[in-house]
Amino acid sequence: MDVVQFCCGLINCCSVTPANDGAIEYIASFLQERGFQTKILEFSEGENHVRNLFAKISRGQGKNLGFLGHSDVVPAGDGWNTPPFSATIVGDHLVGRGVTDMKGGISAFCIAVDKFLAEKNFEGSISFFITGDEEIGTYQGILSVLDWAVQNREIPNDCLIGEPSSFEKVGDRIYIGHRGSINARLIAKGKQGHVAQPKSFDNSLLKICQCITQMKAFQWKHDDLRFPPTNLEPTLLYTGNYAENVVPGESSANVNIRFSADYSSEEIKEILSSIANQFGISIEFRVSGEAYCCDDENLKNKLSRAIERVAGISPKFSAAGGTSDGRHMIKYCNVIEFGVQDSTMHQSNECCKTADLKILQNIYYEFLKNYFECD
Ligand SMILES: [Zn+2]
């Protein structure tokens with residue numbers, strides 16, 4: 001089957017997290033027909049039911065290469081020129097929700113594996129881990145799948161993630177890691193009062209603004225140059241007060257910090273807590289993931305050689321970008337992330353050149369050959 005045709009079938013499944021609409025079964029039946037053992041892993045909590053897929057094929061002893069992807073997509077939103085869940089070819093582009101993030105990557109790997117199994121002898125295993133809730137990230141997706149994989153001894157040696165990683169051209173960038181991410185919520189308590197009577201109030205809004213300004217001005221160290229610098233951004237400021245003559249008694253704010261491996265989440269939390277303390281502000285944290293970076297030169301080399309051969313360019317290794325399920329997989333094995341361009345992900349009219357899907361498929365095929373050391 002052709003990669004574009006396969007991808008159209010997958011886009012036509014309206015799998016907005018946590019819905020599945022046949023997406024997991026679509027991939028499973030394709031792999032089953034090629035000799036894979038498949039297992040649908042459904043995990044539930046309350047109303048939340050998430051379908052995930054594990055599939056594996058083994059040919060003798062040898063390394064186990066994992067492919068990690070997600071079949072769920074973000075909601076369509078407004079502004080589409082074509083139906084988002086009905087794949088459409090417009091000129092030289094395939095348009096539809098999820099074509100870049102990341103049904104295109106899954107399709108390219110499925111078709112590459114199909115060709116690889118038909119044409120090459122290899123020693124080892126190929127495993128698929130397809131999750132159904134990456135865009136929301138509850139416990140019923142990758143975390144439950146990994147718990148299952150540990151219990152069943154199905155953790156691969158290395159893992160390729162097919163998320164969109166390329167920048168201007170397919171092959172120009174490989175993600176070898178990501179910065180860590182923490183969301184912090186600040187609450188400042190003061191005393192409400194009349195704006196004309198400064199002695200009567202304690203301005204919570206002023207306190208929280210000063211606190212955020214000081215957090216933003218903190219000089220983060222940047223010794224680990226594999227990562228972009230650590231950065232903090234305020235994302236929400238709220239007082240609930242719309243009266244022009246009232247000073248708010250309570251204000252709250254959210255900030256997000258993306259941090260390099262110069263810091264652990266604990267260290268970031270300590271620094272921010274001590275700044276918040278100076279202003280008498282309470283702070284709570286939610287850690288999305290630690291910073292990580294893959295140092296396996298051999299794995300990086302096998303992928304970059306495949307890209308050079310197919311696309312004729314040398315990829316840049318980067319640890320920028322947002323977080324992915326790689327932050328969980330990295331606890332168990334090497335992780336490398338490579339896929340099409342990320343420029344239209346989560347946007348309306350999400351699209352990818354059909355030629356780029358074929359290039360990606362060919363790169364994955366070359367990578368499989370390099371990984372299993374086939375001629
Ligand atoms: Zn994604």
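In the predicted model, Gly312, which lies just after helix α7, adopts a positive phi of about 70°. The helix that precedes this glycine, α7, comprises residues 297–311, and its length can be checked against ideal geometry: at 1.5 Å a residue its 15 residues should span 21 Å, and because the end C-alpha atoms of α7 are 20 Å apart, the expected and computed values agree. Within α7, the buried positions are Leu299, Lys302, Leu303, Ser304, Ala306, Ile307, Val310 and Ala311, and these buried residues pack against the strands β7, β8 (173–175) and β18 (334–337) as well as against helix α9 (354–371).

Strand β7 (residues 158–161), one of the elements contacted by α7, pairs in the parallel sense with β3 over 4 bridges, and in this pairing Leu68 has Ile161 of β7 as its bridge partner. Strand β3 itself, spanning residues 64–70, is mostly covered, with 6 of its 7 residues buried. A further parallel pairing joins β3 to strand β6 (residues 124–131) through 7 bridges, in which Asn64 is matched with Ser125 of β6.

A helix–helix contact is formed by α5 (residues 204–217) and α6 (residues 265–278), whose axes come within 9 Å and cross at roughly 145°; the crossing of α5 and α6 is right-handed. The contact is made by Cys211, Gln214 and Met215 on the α5 side and by Leu272, Ile275 and Ala276 on the α6 side, and by class the contact of α5 with α6 contains 5 nonpolar residues and 1 polar residue, with no charged residues.

How values were computed. Residues are numbered from 1 along each chain as its sequence is written. This is a predicted model: local features need pLDDT of at least 70, side-chain atom pairs count only at pLDDT 80 or more; totals for chains, interfaces and linings use all residues. Axes are lines fitted to C-alpha atoms, for helices over the stretch in contact, and angles run from 0 to 180 degrees between N-to-C directions. Helices (H or I, at least four residues) and strands (E, at least two) are DSSP runs, numbered from the N terminus. A crossing is left-handed if the near helix is turned anticlockwise from the far one by less than a right angle, and right-handed if clockwise. Two residues are in contact if their C-beta atoms, placed from the backbone, lie within 7 Å. Ala, Val, Leu, Ile, Met, Phe, Trp, Tyr, Cys and Pro count as nonpolar, Asp, Glu, Lys and Arg as charged, and the others, Gly among them, as polar. A residue is buried if 20 or more other C-beta atoms lie within 10 Å of its own, exposed if 12 or fewer, and partly exposed in between; C-beta atoms are placed from the backbone. Two strands pair if DSSP finds at least two bridges between them. The expected span of a helix is 1.5 Å times one less than its number of residues.
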